[in-house]
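This report introduces a protein structure to a reader who has not met it before. It considers helix packing, the domains and the surroundings of the ligand in turn.

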Amino acid sequence: TVLTDLSDGMLLVTLNRPDKLNAFNEDMHLALRAAIQRAHDEDEIRCVLITGAGRAFCAGQDLGDRDPRKMDGPPDLGETLATFYNPTLRLIRSLEKPIVVAVNGVAAGAGANIALACDIVLAARSARFIQAFSKIGLTPDAGGSFMLTRLLGEARAKGLALTGEPLTAEQAADWGLIWKAVDDAALMDEATALAHRFASGPTRGFGLTKQSIQAASTNGFDAQLDHERDTQRMAGRTADYAEGVSAFLDKRAPVFRGQ
Ligand code: LHQ
């Protein structure tokens, strides 16, 4: 249900249930989580790129597994989130390496919000982001209530969440929800080039940058200045910082080793 391929420090992770528009069943949950966990565990992996097989990125939860007429009583969806979604979202946000996502087609429900939790979102111009939850009586999950509100503010977050209307890639980029909309034919080349660039960059500096920007969502100014002091202290002790400055002074390209 998830394909992985490691090349030159980049772990390509492809959601792979194309017949179901890569909707999440239990197996795909566990496989995605294992792939992100692998990126935590292996120093050789210096960047992750996530995409979807076929015409969609991900249609969210597989509703085929959720027919209420075949159940004894109402389900505990909180348990589904706690068991399957939330651990993966926490692994994505806490990974001290960049995660690029190439949204190759529709991203609906939790599929949209998993993409938005990644660090750099590129989307094909034909892709759509849909907060599909309201159409089935649910509420945004997979970090969506956090990311939409932080990135867009309440007015647009509520507009998307309550109407469930599709948002084009272009509009998402104009609103600052994603990094870029890219021509469909160029998406994978552009995303792969960016991910490879990150994979040969100063990995620890990138990881600290990611943590610092995420911390700013909840810190006040003073706390964030302290956070910057601490993260810069750590960055300044890395071999890649020494290499970056040496290369600048030598007027040559740096060779970062991710250390
Ligand atoms: C699907 C799905 C799908 C199964 C397309 N499941 N088969 C968390 C906790 C616990 C429970 C509940 O949920 C959550 C979080 C969530 O993610 S809730 C939101 C769940 N997702 C949705 O409500 C989206 C449902 N899908 C759609 O609205 C449309 O399929 C979209 C807009 C994604 C794509 O539309 P189209 O491009 O027109 O494609 P399609 O509708 O024709 O779908 C193609 C096939 O994929 C079709 O199967 P078929 O056998 O007829 O070819 C769909 O049934 C299947 N599919 N999404 N989530």
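## Helices α1 and α2

In this predicted model, helix α1 passes helix α2 in a left-handed crossing. Helix α1 covers residues 26-41 and helix α2 covers residues 77-94. Their axes come within 10 Å and cross at roughly 20 degrees. Angles under 35 degrees count as roughly parallel, and α1 is therefore roughly parallel to α2.

On the α1 side, the contact is made by Glu26, His29, Leu32, Arg33, Ile36, Gln37 and His40. On the α2 side, Phe84, Pro87, Thr88, Leu91 and Ile92 take part. Sorted by class, the residues of this contact between α1 and α2 comprise 6 nonpolar, 4 polar and 2 charged.

## Helices α4 and α5

A second pair is formed by helix α4, residues 144-152, and helix α5, residues 154-163. The axes of α4 and α5 come within 7 Å, with a crossing angle of roughly 135 degrees. Because of this angle, α4 is described as oblique to α5.

Three residues named in α4, Leu148, Thr149 and Leu152, meet Glu154, Arg156, Ala157, Leu160 and Ala161 in α5. The contact of α4 with α5 contains 5 nonpolar residues, 1 polar residue and 2 charged residues.

## Two domains

According to the domain assignment, the protein has domain 1, spanning 2-199, and domain 2, spanning 203-250. A distance of 27 Å separates the C-alpha centres of domain 1 and domain 2.

Where the domains meet, 8 residues of domain 1 are in contact with 7 residues of domain 2. On the side of domain 1 that touches domain 2, 6 residues are charged and 2 are nonpolar, with no polar residues.

## Surroundings of the ligand

The ligand is surrounded by 23 residues, of which the closest are Ala59, Gly60, Gln61, Gly109 and Ala110. Two elements, α2 and β6 (106-108), each give two or more residues to this shell. Helix α2 gives the most, with 3 residues. Helix α2 thus appears in two settings: it contributes to the shell around the ligand, and it is in contact with α1.

By class, the shell around the ligand divides into 14 nonpolar, 5 polar and 4 charged residues.

Terms used: Residues are numbered from 1 along each chain as its sequence is written. This is a predicted model: local features need pLDDT of at least 70, side-chain atom pairs count only at pLDDT 80 or more; totals for chains, interfaces and linings use all residues. Axes are lines fitted to C-alpha atoms, for helices over the stretch in contact, and angles run from 0 to 180 degrees between N-to-C directions. Helices (H or I, at least four residues) and strands (E, at least two) are DSSP runs, numbered from the N terminus. Angles under 35 degrees count as roughly parallel, over 145 as roughly antiparallel, 65 to 115 as roughly perpendicular and the rest as oblique. A crossing is left-handed if the near helix is turned anticlockwise from the far one by less than a right angle, and right-handed if clockwise. Ala, Val, Leu, Ile, Met, Phe, Trp, Tyr, Cys and Pro count as nonpolar, Asp, Glu, Lys and Arg as charged, and the others, Gly among them, as polar. Domain bounds come from an automatic or database domain assignment. A residue is near a molecule or strand if its C-beta atom, placed from the backbone, lies within 6 Å of it.
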